[in-house]
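This report is meant for a reader who has not seen the structure before. It begins with the sequence and the model.

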Amino acid sequence: MAEPVIKRDNSEAAKSTEQTTEKSTLKGTFVSVMILGGFLLLSWLLVFMLFLSRQ
Amino acid sequence: MNVHIHKLEKIWLTFGIAMLIVFLVVLGVATFSMGMAPPSHSHAIDPEQIENTPPFDEPGLKQVGENEYEAVMIAYTFGYKPNDLTVPVGATVHFKVTSPDVVHGFAIPNTNVNMMIVPGEVNHITYTFDEAGEYLVLCNEYCGGGHEFMRTVITVQ
């Protein structure tokens with residue numbers, strides 16, 4: 001009898017997690033990832049241009 | 001299995017992967033088709049026999065083309081041989097440098113010339129001196145008590 005109960009609990013937990021993922025907003029994460037990406041791109045370009053100017 | 005990737009997640013993954021590809025392609029093209037490789041070369045020499053091994057038996061500047069020179073140099077504790085080089089403006093100089101004793105550096109500040117001189121190896125770098133002036137050459141690898149006096153000047157006129 002114990003097994004089916006556990007199974008039911010798991011599927012319910014999975015369903016609620018899925019729903020949270022669907023509804024969750026990733027705007028803040030997106031902005032921070034883009035800020036980090038922009039920083040990497042800018043610093044790479046600056047260093048590469050410094051290299052070219054000294055070539 | 002149903003993998004769901006959020007729309008914004010797709011955007012930043014694409015951005016990240018595209019950036020990585022662009023960086024690697026730019027570096028690859030610059031290295032292999034434009035010769036912008038870092039100083040590195042598999043060229044061995046017996047550090048105890050440098051004085052008897054050509055071209056290091058006669059260190060100095062040799063003209064190898066129109067305004068193109070080969071500078072054969074020895075970096076030792078604590079100096080460079082030959083000590084003073086003079087080249088014309090616009091000269092392309094192919095440096096060949098080795099060490100008979102310990103690890104030295106060979107750096108010209110504000111240029112891309114910066115390499116390690118390891119005993120047993122000959123290191124190569126090419127630089128075009130487009131502007132007249134005095135170019136300081138420094139050792140930037142700690143090589144002993146007189147490390148800070150290890151320098152020479154390349155005069156471009």
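The text below covers the domains, the contact between the chains and the nonpolar core. The model is predicted.

The domain assignment splits chain B into domain 1, residues 1–37, and domain 2, residues 47–156. The C-alpha centres of domain 1 of chain B and domain 2 of chain B are 38 Å apart.

Between the chains, eleven residues of chain A are in contact with twelve residues of chain B. On the side of chain A that touches chain B, eight residues are nonpolar, two are polar and one is charged.

Helix H2 of chain A (residues 27–53) packs with helix H1 of chain B (residues 7–33) at an angle of about 10 degrees, and their axes lie 10 Å apart. Angles under 35 degrees count as roughly parallel, so H2(A) and H1(B) are roughly parallel to each other. The residues of H2(A) that meet H1(B) include Phe30(A), Leu40(A) and Trp44(A), and among those on the H1(B) side are Trp12(B), Phe15(B) and Phe23(B). This helix contact has eleven nonpolar, two polar and no charged residues.

The largest nonpolar core has 25 residues, of which Met73(B) and Ala75(B) touch the most other members. Strands that each give two or more residues to this core include the following.

| Strand | Residues |
|---|---|
| E2(B) | 68–76 |
| E4(B) | 84–87 |
| E5(B) | 91–98 |
| E8(B) | 123–129 |

E2(B) gives the largest share of the core, five residues. Beyond its neighbours within four places in sequence, Met73(B) is in contact with Pro59(B), Tyr80(B), Lys81(B), Pro82(B), Phe95(B) and Val97(B).

Terms used
Residues numbered from 1 in each chain as written. Chains lettered and ligands numbered in written order. Predicted model: local features only at pLDDT ≥ 70, side-chain atom pairs only at ≥ 80, totals over all residues. Domains from an automatic or database assignment. Contact = placed C-beta atoms within 7 Å. Nonpolar A, V, L, I, M, F, W, Y, C, P; charged D, E, K, R; others polar. Axes fitted to C-alpha atoms, helices over the stretch in contact; angles between N-to-C directions. Helix = DSSP H or I, 4+ residues; strand = E, 2+ residues; numbered from the N terminus. Parallel < 35°, antiparallel > 145°, perpendicular 65-115°, else oblique. Core = buried A, V, L, I, M, F, W, Y, C linked by C-beta atoms within 7 Å. Buried ≥ 20, exposed ≤ 12 C-beta atoms within 10 Å, placed from the backbone.
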